[in-house]
Amino acid sequence: MTEPSRTARTGAWSSALSTNDFAATRAMGLQPLAFVQGCSVVSWGFLGAGAPGARGYYEQFPCPHGFVSADHRLYGYNYEQTWLEEAWFGGLRAAYDRLLDEARRYEAHGVIGVSARVERLAAPPAVEFSLSGTAVALEGSAAPGAPFTTFLAGQKLRKLVEAGFAPVAIAVGFASVGVLASCVTEYQLRGVGTVTYGAAPVGEIDQLVRAHTQARALARERVRDQLGGDVLHAARLVVREVEAAGGPQVEAELRGNRVRRFKDVEPLPPPRPVVRLVDR
Amino acid sequence: MSEDLRAALAALGAPPPAGRAATSDLSVDESLLLHGAGFEPADLVSGVSIQSIPFGSFGAVVGQREPVELAAATEAVTGAFRASAERLRAECAAAGGAGVVGVDVELGIGRLAVQVSLCGTAVRPLGARRPGGVRPFVTDLSVQDYVLLARAGFEPVDLVSGASLVAAPLRSLRQLVAQAGQNVELDNLTRALQDARERAMERLQRSALGAGATGVVDVSILDAPLGHARHVLAFVCYGTALRLAAERPRRLEPELVLPLDDPARAFEARSLRTAR
């Protein structure tokens, strides 16, 4: 037997909505039910992942100098850190499922104003995923099996629906590319050349640029895989470079709202330019 | 509204439509405005470039009397802007876009490298699959600004930039002592900033002309001493290069509006005092 929901136990509802968002939500005919959340903490390990390049993106950057010395690196490579990505997606999926489970207990139609927090914990190396939002129900309508989720709330959600789009789910993509610098990349990152080859001139750091480009492309592909034929709306791409023991790691995270067109809308008439006669 | 919402929830039970999904970082307002202007988002696109700066490029020169431009660092910033914009344009073309709007610009100048990252939404005319043969435009203007410019008869051409990194001459010991504790203009820094500004703005305008534009709007400026080399003043500017698309600029004739929703006057304790 499942435990009765907080609302059923206390008779009151809760939400994370601001006053404005609450008013707009009520105006849409949605009733806030409860502040719901799901969280998960995961650690990762590369055991069982195989050698870099065994799975996912891998690219070699050979040394152009030939044999220089025994400690001269013959090649560098970029590799997708699939074990880290899998841990990341596993954690996010677990947190998301818990959020949905809680919303289902309230017989919600959806969870709006979702906030996603991803935080690295230092020891042990782990990531904490925390998703929260407000479960809502459409008054006078039976609850569906799978509630929708969206980062939007209030007026933004209202405008989305008026524009003919239905919120489907939050979409999040993540990719991590590690860089083991080649000799050329290492010289460029240190800003020096060798006695033989002189100072490193101004030039593009190809290996690092490829890592950044691939991380962005992989994150976008991950999100695209979640979309089916739906549209990704109001996306935000965040890229960070993390210094790790083996070299820099490039992490790209893309978040957005998966939405589905449910009706066609006429193009808006050209807007009228106005000048507001108000001092700022 | 409830009816719309019911229809929206009913659509969630149906299978998703077939075909490649469109992705964008546009808001609802921007999407609607873009739709009204006859465009639709095609894909979220990005371009990045990281250029190395040789070791010692920011070093102070003893005995330097005049501001000196740091050629290697300036070249790295300029090259990073150019390469990242080209990559953004290539991604846009691959997605079948006619141009990229709302480009978000991130610039980082480090001791040994410069990074420029661009991210925006590729857009295409409604229903168009692949507008071939046309070089996609790139702009950091919002959709609102883009639509307004189009109505005024202008079209964006490219995201152009200009940069100059200048090392300010160190003050002599005599100057240092004479200026200590005084309200004086630091001539060495003023001249360095002025030099950097003039060079960068000239480069910006030249690159706009090179792109076939007549001017640049919404110029953003970064001008500050570098954190890792306080004697180096960086002046970097970028903006959207425009050209006239119509025969002549169109008058917008904006309507004057006096909003009647001014915020209420704040509580003022003095008004409660009785007149003396």
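## The five-stranded sheet of chain A

Two strands are taken as paired if DSSP finds at least two bridges between them. On that basis, this predicted model contains, in chain A, an open sheet of five strands whose order is S2-S3-S7-S10-S9 and whose pairing is antiparallel. The edges are occupied by strand S2 (58–62) and strand S9 (231–244) of chain A, and each of these has a single partner strand, so one side of each is left without a neighbour in the sheet. From one strand to the next, the twist averages 15°.

At the S9 edge, S9(A) and strand S10 (residues 247–261) of chain A run antiparallel and are joined by 12 bridges. Within this part of the sheet, A:Glu241 stands opposite A:Val250, a residue of S10(A).

## Helices packed on the five-stranded sheet

Helix H3 (residues 82–105) of chain A packs on this sheet, where it touches strand S3 (75–80) and strand S7 (165–180) of chain A, and the direction of H3 makes about 155° with that of S7(A). Helix H6 (residues 206–227) of chain A also packs on the sheet, touching S2, S3, S7, S9 and S10 of chain A, with a direction that makes about 150° with that of S7(A). Because angles over 145 degrees count as roughly antiparallel, the direction of H3, at about 155° to S7(A), falls in that class, as does the direction of H6, at about 150° to S7(A).

## The four-stranded sheet of chain A

Chain A also holds an open sheet formed by four strands in the order S1-S5-S4-S6, and here the pairing is mixed. Strand S1 (30–43) and strand S6 (148–149) of chain A stand at the edges; each has a single partner strand, so one side of each lacks a neighbour in the sheet.

Inside this order, strand S4 (residues 110–121) and strand S5 (residues 126–138) of chain A pair in the antiparallel sense over 10 bridges. A:Arg120 stands opposite A:Val127, which lies in S5(A).

## A helix pair in chain B

In chain B, helix H2 (residues 28–36) and helix H4 (residues 143–151) pack at an angle of about 25°, and their axes are 9 Å apart. H2(B) and H4(B) are therefore roughly parallel to each other, angles under 35 degrees being counted in this way. The crossing in which H2(B) passes H4(B) is left-handed.

On the H2(B) side the contact is made by B:Glu30, B:Leu33 and B:Leu34, and on the H4(B) side by B:Val143, B:Gln144 and B:Val147. By residue class, the contact of H2(B) with H4(B) divides into four nonpolar residues, one polar and one charged.

Note on methods
Residues are numbered from 1 along each chain as its sequence is written. Chains are lettered from A and ligands numbered from 1 in the order in which they are written. This is a predicted model: local features need pLDDT of at least 70, side-chain atom pairs count only at pLDDT 80 or more; totals for chains, interfaces and linings use all residues. Axes are lines fitted to C-alpha atoms, for helices over the stretch in contact, and angles run from 0 to 180 degrees between N-to-C directions. Helices (H or I, at least four residues) and strands (E, at least two) are DSSP runs, numbered from the N terminus. Angles under 35 degrees count as roughly parallel, over 145 as roughly antiparallel, 65 to 115 as roughly perpendicular and the rest as oblique. A crossing is left-handed if the near helix is turned anticlockwise from the far one by less than a right angle, and right-handed if clockwise. Two residues are in contact if their C-beta atoms, placed from the backbone, lie within 7 Å. Ala, Val, Leu, Ile, Met, Phe, Trp, Tyr, Cys and Pro count as nonpolar, Asp, Glu, Lys and Arg as charged, and the others, Gly among them, as polar.
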